Amino acid sequence: MNSVILIAGARLQAVLLLVFSAYMMLRGHNAPGGGFIGGLIAATGFVIYAIACGTADARKALRFDPGSIAGAGLGIALLAGIMAVFWGDALFTGQWLFIGATEDSKGIPLSTVLVFDIGVYLVVLGAILSITFALEDAV
């Protein structure tokens, strides 16, 4: 049985790691980081939670099957790659859309690169948690 301090600390650390993973994913195309490292950091948060509270509680906190998360991420990444074909470019060419662009400002840049990073984030999160939960259930 784990202590109350360990469980409370793991919950706090998991939340901090999930917020930091989102930050790392979003800064990825302008600086080091991206979907891969963000997914690893998020998976680390759930693994710490699973160690402290158990795999069943970690699965409840995740709310979705890790395999489904990985599959959805793969679909999102593929969709980001296919989007370039609709604009007549090569597969996986980055496409940019500027929301709220005026003559004075560029607006908010959105790109298929960000969508691809979100897909990679979900694939890595789902794959790592599938492996980790399977190993913890086997023990």
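Leaving aside its neighbours within four places in sequence, which residues is G28 in contact with? Hold that one for a moment, everyone, and thanks for coming. I should say right away that what you have on the screen is a predicted model.

So, back to G28. Apart from residues within four places in sequence, G28 touches G33 and G34. You will find G28 in the loop that joins α1 and α2. Is G28 buried or exposed? With a relative accessible area of 16%, G28 is buried, because the cut-off for that class is under 20%. If you want a ruler across the model, try G28 to F133: these two are 105 residues apart in sequence, and their C-alpha atoms are 27 Å apart in space.

Let me step back to the whole chain. There are five helices and two strands in the protein. Reading from the N terminus, the order of elements is α-α-α-α-β-β-α. The C-alpha trace spans about 60 × 30 × 25 Å along its principal axes. The protein has 139 residues, and 33% of them count as buried. For those of you who like contact order, take the contacts with a separation of 6 or more: 62% of them come from residues 24 or more positions apart.

Now the helix pairs. I have three for you.

Please rotate to α1, residues 4-26, and α5, residues 112-138. The axes of α1 and α5 are 10 Å apart, and the two helices pack at an angle of about 140°. An angle over 145° would count as roughly antiparallel, so α1 and α5 fall into the oblique class instead. Their crossing is right-handed. On the α1 side, the contact is made by S21, M25 and L26; on the α5 side, by L114, D117, I118 and Y121. By class, that contact of α1 with α5 has five nonpolar residues, one polar and one charged.

Next, α2 and α3. Helix α2 covers residues 35-53, and helix α3 covers residues 55-62. How closely do the axes of α2 and α3 come, and at what angle do they cross? They come within 7 Å and cross at roughly 140°. That makes α2 oblique to α3. The crossing of α2 and α3 is right-handed. F46, Y49, A50 and C53 of α2 make the contact with T55, D57, A58, A61 and L62 of α3. Sorting the residues of the α2 and α3 contact gives seven nonpolar, one polar and one charged.

The third pair is α3 with α5. Here the axes come within 10 Å and the crossing angle is roughly 155°. This angle is over 145°, so α3 and α5 are roughly antiparallel to each other. In this pair, α3 passes α5 in a left-handed crossing. From α3 we have T55, A58, R59 and L62, and they meet L129, F133, A134, E136 and D137 in α5. This contact of α3 with α5 divides into five nonpolar, one polar and three charged residues.

Two of the residues I just named deserve a second look. How many salt bridges does the structure hold? One. It is formed by R59 and D137, with the closest N and O atoms 3.1 Å apart. R59 sits in α3 and D137 in α5, so to speak two distant parts of the chain, 78 residues apart. Are the partners in the open? R59 has a relative accessible area of 33%, which makes R59 partly exposed. D137 is at 48% relative accessibility, and therefore counts as partly exposed too.

One last stop, and a good one to zoom in on: A42. This residue belongs to helix α2. The relative accessible area of A42 is 0%, so A42 is buried. What does A42 touch, not counting residues up to four places away in sequence? The list is L18, S21, Y121 and L125. S21 and Y121 should sound familiar, as they are among the residues in the contact of α1 with α5. As for L18, it is 24 residues from A42 along the chain, with the two C-alpha atoms separated by 5.0 Å.

That is my tour, and I am happy to go back to any of these views.

Conventions. Residues are numbered from 1 along each chain as its sequence is written. This is a predicted model: local features need pLDDT of at least 70, side-chain atom pairs count only at pLDDT 80 or more; totals for chains, interfaces and linings use all residues. Side-chain values use heavy atoms; hydrogens and water are left out. Axes are lines fitted to C-alpha atoms, for helices over the stretch in contact, and angles run from 0 to 180 degrees between N-to-C directions. Helices (H or I, at least four residues) and strands (E, at least two) are DSSP runs, numbered from the N terminus. Angles under 35 degrees count as roughly parallel, over 145 as roughly antiparallel, 65 to 115 as roughly perpendicular and the rest as oblique. A crossing is left-handed if the near helix is turned anticlockwise from the far one by less than a right angle, and right-handed if clockwise. Contact means heavy atoms within 4.5 Å. Ala, Val, Leu, Ile, Met, Phe, Trp, Tyr, Cys and Pro count as nonpolar, Asp, Glu, Lys and Arg as charged, and the others, Gly among them, as polar. A salt bridge is a side-chain nitrogen of Lys or Arg within 4 Å of a carboxyl oxygen of Asp or Glu. Buried means under 20% relative accessible area, exposed over 50%, partly exposed in between (1.4 Å probe, protein chains only).
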